[in-house]
Amino acid sequence: MSKKEARSDSDISDVSDEQEWLNEDDDEGDEETVQVISLLDDRVFPDAMSMVSYCKEKYGFDFLAVRDRLQLDFHGTVKLINFIRQRVHEGSTLPDEISAKDLEDDAYLKPILDDDALIMCLDDLPEPSAPVKEAKQSEVSPEDLIKRNSELQSELEALAKQFNNYRLAVQQTLDTRWGEDDTETSTKAPGAPSRAQDSLDAGKAGNDYSESYFASYARNEIHETMLKDRVRTDAYRDFIYRNKHLFAGKVVLDIGCGTGILSMFCAKAGAKQVIAVDNSAIIDKAREIIFDNGLDDKIVCLHGRVEEVTLPVKQVDIIVSEWMGYCLLYEAMLPSVLWARDRYLKPDGLLVPSHANMWISPIASPGYFPDEYLTDHIDFWRDVYGFDMKAMQANIYDDVRVDVLPSDCLASAPCAFSMLDLHTVKVEDLVFTKPWHTKFSENASTLFGFLIWFDIFFAPSRDDKTIADTATAADWAAGGPERVAFTTGPAGEPTHWKQGVVINKEYAEAKITSKELQGEISFSIPESYTRGLNIGITWEAPQHGKKGDTWLLH
Ligand code: SAH
């Protein structure tokens, strides 16, 4: 390449007369002579080092010192050269102190001058001197050290603050002390339901039944029982897997995730994100289980009451929850689900399950009742291994018993008394008095008591109009594979919820001759235990007058 070409190829065109003269002069000599163009002006030098010395002498710019201070390797030095050439070409001044940041852009690897001889001669420059940092430190003044010291002090304080915030965030998410935290750092969501608030207050007074409630869910057995209840677990799985299109790409909130089973069904069905919340220590197991099954990228586990944790999203598309207790409402978990529904579920969001129906039926002799039942459960106490335990019989008729009864114990067609649409039901609706009415079977004679159970429905749409108030799980689910429902009543396979049995204290005199039987059933919350239930039933038949009683499930 001729010297002329080198110049004319360059982006820098205005060559001084002096420069021209130099070029011409060189032209007369060896064609291969190197021409290193000054970094800071148009002068040309026969080698890199003389150019570097020239810049230092004339402009006080020490190219080698900059290279060594920034500890630049070959590419770094190329970037430095092009950075300087770019600035000079633009007519802008160089920074007082060129920094590594100035050279970050890889665009500076592209030569500003074509065939830049300086770049080609870099090897001719002296090797970098000893580690620059040490050399620099000896030059640092005491004032600089004090300044740096106070900068580091502030950095440390900022980091300590950040760490403290991080620690609090971790504590709020992972701490097992949810519900005890009374400080300003508590993330209690505004508008938490009064019942949750009551139990928090009760907790402070040392009367928080929720503590033992959540502790009971930390145990293995309870989860084993639930997971092995195939009627229950299959129903959730079948609904989620048969309706994957509903879950695909959706954000799901699993309230009371337990071992995480429902969250994992949802994740497998294609949910974009599942937020699994539980206030029991079981959440630690859920986290591990979810990790072990490779679903931790989809499911986030939050420890705390759903009313108190801070969700990573404002709204969710679907809420899934297994909240049902004995006689449906025992445990009082539904209010938490309804609270979360109102706070987090999108207006068109889906609740899984979607409906719950409650049933009552009189139980009467003949059949299994009353003799066998009384022998098994009441008379039993009169002779236990030869000991009289009649003390155990005291108030025995006051409790709701939880038992699985055979379907031949029913003295009438079951009567549906409360269909709950979970998308719309309110907490106030869970305390109620409802009428019931049925016809005594032909052969029934003695009103021994009542059996209470529930059916659960999973509708694929929140606007479902196919579930009639008196729908049975079996009839409705027969309408299509996307419909899933199950019963806990005597017509179905037994579940871990069994049924609620209440015994009529006066059954011995309760001969019913009329075929018509009606009355009211009420559910309320006992003061003694807010997660329990008071169930009141009245019954009335022509010529028999009105009777009634109340039983406690605690
Ligand atoms: N979803 C699991 C477990 C259901 S049992 C399964 O189907 O197997 C109900 C769970 O809800 C329990 O683990 C209980 O600790 C939790 N729970 C009840 N009320 C809660 C609330 N308000 N906030 C968070 N978790 C709750």
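The following exchange walks through two sheets and a surface patch of a predicted model.

Modeller: In this predicted model, local features need pLDDT of at least 70 and side-chain atom pairs count only at pLDDT 80 or more, while totals for chains, interfaces and linings use all residues. Residues are numbered from 1 along each chain as its sequence is written, and side-chain values use heavy atoms, with hydrogens and water left out.

Biologist: In the open sheet of five strands, which are the edge strands?

Modeller: Strands here are DSSP runs of E with at least two residues, and helices are runs of H or I with at least four, numbered from the N terminus; two strands pair if DSSP finds at least two bridges between them. The sheet has the order β5-β4-β3-β6-β7 with parallel pairing. Pairing on one side only marks the edge strands, β5 (299-303) and β7 (345-352).

Biologist: What angle does the direction of helix α14 make with that of β4?

Modeller: Contact means heavy atoms within 4.5 Å, and angles run from 0 to 180 degrees between N-to-C directions, with axes fitted as lines to C-alpha atoms, for helices over the stretch in contact. Helix α14 (residues 261-268) packs on the sheet and touches β3, β4 (273-278), β5 and β6. Its direction and that of β4 make an angle of about 175 degrees.

Biologist: In the open sheet of four strands, what is the order?

Modeller: The pairing in this sheet is antiparallel, and seven bridges join β15 (residues 516-524) to β16 (residues 533-541), while eight bridges join β11 to β15. The edge strands are β11 (432-439) and β17 (545-553). The order is β11-β15-β16-β17.

Biologist: Which residues form the covered face of β15?

Modeller: In a regular strand the side chains alternate between the two faces of the sheet. The uncovered face of β15 holds Glu516, Gln518, Glu520, Ser522 and Ser524. The covered face is formed by Leu517, Gly519, Ile521 and Phe523.

Biologist: Why does Phe387 count as exposed?

Modeller: Phe387 lies in the loop between α17 (371-377) and β9 (401-403), and with Tyr385, Met389 and Met392 forms a nonpolar surface patch of about 520 Å² of accessible area together. Patches are made of residues with over 30% relative accessible area and no salt bridge, joining like charges within 9 Å and nonpolar side chains (Val, Leu, Ile, Met, Phe, Trp, Tyr) within 5 Å. Buried means under 20% relative accessible area, exposed over 50%, and partly exposed in between, with a 1.4 Å probe and protein chains only. Phe387 counts as exposed because its relative accessibility is 56%.

Key: Accessible areas come from the Shrake-Rupley method with a 1.4 Å probe; for residues, only the protein chains shown count as cover. A salt bridge is a side-chain nitrogen of Lys or Arg within 4 Å of a carboxyl oxygen of Asp or Glu.
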